[in-house]
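Please look over the sequence and the model below. A short report on its main features follows.

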Amino acid sequence: MQSFAYGNPATIQEALALLAAKWGEADVLAGGTDLISLMKEHLHTPKRVVNIKNIKELEGIQKTDAGIRIGALVTLDELAKNADVKAAAKSLSDAAAAIPSAQIRHMATVGGNLCQRPRCWYYRQGFGLLAMKDGKSMVPDGANQYHAIFGGGPAYFVSPSSLGAALVALGAKIKLVSAKGPREVPAASFFVAPQDETSREIALHPDEILTEIVIPAGAVRSATYEVRQREVLDWPLVTASVVLHMRGNVVASAKVVMGYVAPQPWDSAEAAKAIAGKAITAETAEAAGKAAVASAQPLSQNAYKVTLARVAVKRALLEAAKQKV
Amino acid sequence: MANTPDYSWPPMDARKIMGKPYKRLDGPQKAAGRAKYTSDLKMKDMLFAAYLTCPHAHARITSIDTGAAEKMNGVQAVLVIAEAGKELQWHGQEVAAVAATTEEVAREAILKIKVAYEVLPHFVNEADLAKAASRGKAAGEKVTGDPEKAIQDAEAVSDGVYGIPVITHCCLEPHGCVIQWQGDQVMAWPSTQFVTGWAGTLAPNLKVPAANIKVKMDYIGGGFGSKFSPGAWAEVGARLSQKAGGKPVKIFLDRASEQQIPGNRPSAFGKIKIAGKKDGTITAWQSDTWASGGFAGGGQPPLPYVYTNIPNTRLNHVSVSVNAGPSQAWRAPNNQQASYLTCSAIEDFAAKVGVDPMVVFDKNAGYTPRAEQYQYQLKKAAELSEWSKLWKPRGSQTGAVRRGLGIGVNAWGGAGHACEARTTINPDGSVLLEMGTQDLGTGTRTIMTQVAAETLGLQMGQIKLAIGDNSLPPGGASGGSTTVGGASSATRKSGINALAKLFEAAAPALSAQPEDLEAVDGTVRVKSDTKKSMSWVAACKKIGPGGKISETGANEQRNPMGLNSGGAAGVQVADVSVDTETGLVKINRYVAVQDCGLIINPRLAESQIYGAIIMGISTALFEERIMDNLTGRMMNSDMEFYKLAGIKDIGDIVVHLDIREVNDKRGVIGLGEPPAIGICAAVGNAVANAIGVRVPNMPMSPMHVLNTLEGRNA
Ligand SMILES: Cc1cc2nc3c(=O)[nH]c(=O)nc-3n(C[C@H](O)[C@H](O)[C@H](O)COP(=O)(O)OP(=O)(O)OC[C@H]3O[C@@H](n4cnc5c(N)ncnc54)[C@H](O)[C@@H]3O)c2cc1C
Ligand code: SF4
């Protein structure tokens, strides 16, 4: 790890003053469960580390008329255990509870979870976010069993946050602030597929802090289904988060978002369309799963993920259908 | 020899301390974090070493410049391991090392070493033999009987392709040591499976007499076959220490290097044909196998495994050299591969002829060296796994989640190694037992103490034990499941020898002949008239002030005197559920029937089997070294994508130790390795049984299972 200056601000304003206009100068430190590894591997070599854990304004979960506000410093454990979140957004609550391990859930924060860097092994071994060699990504012909099946490049890593798909499906808003003032982006446009090596995979600017997320109010059924190989310390192979607006027994409208299949949570309008106007049965859920992966483009080693995505969508829909709101 | 004392074990029903389930003596220390492993050691002026390793899979160093690193504040020694001109054969191979006052400085310093490489072509994946071309070396063909004719005449022939990948060692404590080289004296604290032999292996490299190398180790955080030799890092650490003016240097591999440098379990792939009769009788075996354990190629698994006497066989094997780290013994080297290839092929033959595999394994037991033993165990394993109730013919199930049962077999030696113990009895009655051995966590401390207490008629707390020091009487290498047999036998002999001396001192006071005495329940007494007795302490007083009894006893491999022997057998059954939509495999229950000899401590013996099964299930479901053809790197040299099982992934384990008197009479037999052998075999067979097709490649991951179910095994 490279030596760095350490800032310990108590307010958002103080913290913002320590950030810089360019990536690489300063890094925000929240739970540190990702940043420390990035620094140890020299993937991040900030001159300044800005600890935000003392900023009270970034804490807490509140239920308001507009919805549920979740502060950036809320830990994954708090998120998983919060009753309001459980009641209004089961898909998010379950996703948080499934992140391993108890130690990580107690340290890791919601803000850090959304801003964590991809786990792509080319990136983590220093080949860059797009793993380019001679103007071409190495991923399609390389070791790609855990990589993207949607998006078509040039980025093939998968978005690492398992909260991401749930937030996109719920239509959450993400609030950011810089010295110039606050702004709000829908979760769906917070995650982006970088087109070149110098861009980031999230809409956050280097001089900004993520302050909170807001889950819009409204009665929905939601579910997250995850395929994880191990019961311990493992990443999902694929997830699916769904949100259903029901009209009686029939789906009025739906959101179907898959995780770990693309550089961003992958919102499948095809799957949502397939289930709209129908009651959820094994057959309709299966059809929606098929629709969700109809345009998947697997790489040389990850065709199995297409099956996993189809099954995850089906099972998430069936689970959401069982829910009472 | 006329006067050979009777060293034999007390009869099963007369044992007071042996055979009892004592907990590990060092358990509380370990659980409380008080036990200091070598990697925990901190010493005054200790320096930390870090390695610079090769970023390419195959390259020649054209220049190396350590100037900037040497000038760094805190850097005390820099050692170039691979000079300009040296060809490096794998990603992660050692290039240079630095010793500095802190770990941080050492890690920063290695980044300042400038190395220029000429990158050369690499080859890293041996799974497809056709691509190996000139990198494969064929071993000579071996033929017995007339396999051609037997296959032609057979009523049924099954064909299969199977693969078990390279997996890496994952000791919790990585490889390394703390080492100090001052003048012609070396002091070392290694993490090793062979305390006694460590100095002798290192000495020629340092050109220091082995007698000048002192070795001490209290605890080791896992070995599993990977920590016999001092390793290159011991020499590197010693040279750094010498360069730094004789300060102690702590040199331990980091996790990535740990999975790349110190050795792995080689892969094995095979195309196997089994021919036989419709009733399941096997008549012929033909295998074309290939394997790799790194640049030096890979070993040949002994085939057909356990069923060694199949009459007509043809064996071909190719060893493939890849640009990857070397192999090392891994808990029963070559046996897991052999068991996987053999048991998979037998299960596939059983499915082909439509006979219950339990019947096929049993019917062909005549081909094994110990037919009755295996038949007994098959029956026991069937009973404990509820085979007759739960097993369904392959492919007969429907539904998303399907249950399957599968069999794996093992065979191992496990006779005691050569080693020597010394028992010292002091006039105050205190007892010291010494041997330069090591306790790998298996319970060596505990069983040696039990044997000594049993032999001397004392309680566990009355024996003081010293191990882990090369100035003590020689211990053996803890490998091949040889420690328990060796250490227990030598302890028994030195105890009996010491007692003989004590009896000589005490006999006059009891007006008896020394050979008429016995030591029981803290007394020394006359065998024929047990009322004539004195306390242990009173007897020891007769040694006389200033005197002591110190007697050695050695286990001789050629003549273990019935105290230990080799030859263990085991049968295991995996019971799994496979979600055919996601390819996820869960273990419901795992049954292990293991033959063993005399059991000194049933708790520790069972614990060996639990450990073996946990490790084996991890390999069967998760573990795999993933090599990237493009960069030539191991992509998962971490604990994140090199997946190890956690306790929730294991399912129920049912252990049946075969403690019948026939087995007790065979003396002590090592148990570390045999139960670890057949797990990939059993799990792979259970998966095939559940889903109706063979998943050829381990591990049983969603990727491999779905690729098979969806026809992508090209
Ligand atoms: C073994 C293992 C398994 C895991 N499995 C999962 C999983 O299944 N699903 C999953 O989602 N995650 C998983 N994780 C990742 C874990 O959830 C993240 O590391 C964690 O959420 C990051 O939060 P943190 O507060 O520790 O962030 P930090 O490490 O402090 O920060 C991470 C990044 O976010 C930036 N950052 C943090 N907070 C802010 C903010 N408020 N504003 C702007 N930038 C900010 C930091 O600068 C840094 O770049 C796993 C991690 C491990 C080690
Ligand atoms: S061994 Fe346990 S406590 Fe130690 S680093 Fe690993 S997970 Fe954490």
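Ala131(A) sits in the loop between helix H8 (121–124) and strand E6 (132–133) of chain A. Its backbone stands out: phi of Ala131(A) is near 50 degrees, a positive value in a residue other than glycine. Bear in mind that this is a predicted model.

Chain A also holds cis peptide bonds. One joins Pro100(A) and Ser101(A), with omega about -10 degrees. Ser101(A) belongs to the loop between helix H5 (90–98) and helix H6 (102–107) of chain A. Another cis bond runs from Gly153(A) to Pro154(A), and its omega is near 0 degrees. Pro154(A) falls in the loop between strand E7 (136–137) and helix H9 (164–170) of chain A.

Next comes ligand 1. Its shell counts 33 residues. The closest are Val28(A), Gly32(A), Thr33(A), Thr109(A) and Ser162(A). By type, the shell residues split into 20 nonpolar, ten polar and three charged. Which elements of chain A each supply at least two residues of the shell? They are strand E2 (26–29), helix H7 (110–115) and strand E10 (209–216). H7(A) gives the most, with four residues.

Polar atoms of the protein also approach ligand 1. The table lists these pairs.

| Ligand 1 atom | Protein partner | Distance |
|---|---|---|
| oxygen | polar backbone atom of Val28(A) | 2.5 Å |
| oxygen | polar backbone atom of Ala30(A) | 2.8 Å |
| nitrogen | N or O atom in the side chain of Tyr260(A) | 3.4 Å |

How much of ligand 1 does the protein bury? Taken alone, ligand 1 exposes 970 Å², and the protein buries 95% of that.

Now turn to chain B. It is divided into domain 1 (12–35 + 416–555), domain 2 (39–120 + 175–252) and domain 3 (333–414 + 565–709). The C-alpha centres of domain 1 of chain B and domain 3 of chain B are 38 Å apart. Their contact takes 23 residues from domain 1 of chain B and 21 residues from domain 3 of chain B. Between them, domain 1 of chain B and domain 3 of chain B bury about 1600 Å², with 56% of it on carbon and sulfur atoms.

Finally, the two chains meet. In this contact, 34 residues of chain B touch 31 residues of chain A. Chain B and chain A bury about 3000 Å² between them, and 57% of it is on carbon and sulfur atoms. Which three residues supply more than any other three of the area that chain B buries against chain A? Met635(B), Phe641(B) and Lys643(B) do, with 20% of that area.

Methods: Residues are numbered from 1 along each chain as its sequence is written. Chains are lettered from A and ligands numbered from 1 in the order in which they are written. This is a predicted model: local features need pLDDT of at least 70, side-chain atom pairs count only at pLDDT 80 or more; totals for chains, interfaces and linings use all residues. Side-chain values use heavy atoms; hydrogens and water are left out. A residue is near a molecule or strand if one of its heavy atoms lies within 4 Å of it. A polar contact is a pair of N or O atoms within 3.5 Å; within protein, one must be able to donate a hydrogen and the other to accept it, and residues adjacent in sequence count only if both atoms are side-chain atoms. Accessible areas come from the Shrake-Rupley method with a 1.4 Å probe; for residues, only the protein chains shown count as cover. Ala, Val, Leu, Ile, Met, Phe, Trp, Tyr, Cys and Pro count as nonpolar, Asp, Glu, Lys and Arg as charged, and the others, Gly among them, as polar. Domain bounds come from an automatic or database domain assignment. Contact means heavy atoms within 4.5 Å. Buried area is the accessible area (1.4 Å probe) that two parts lose on being put together, summed over both.
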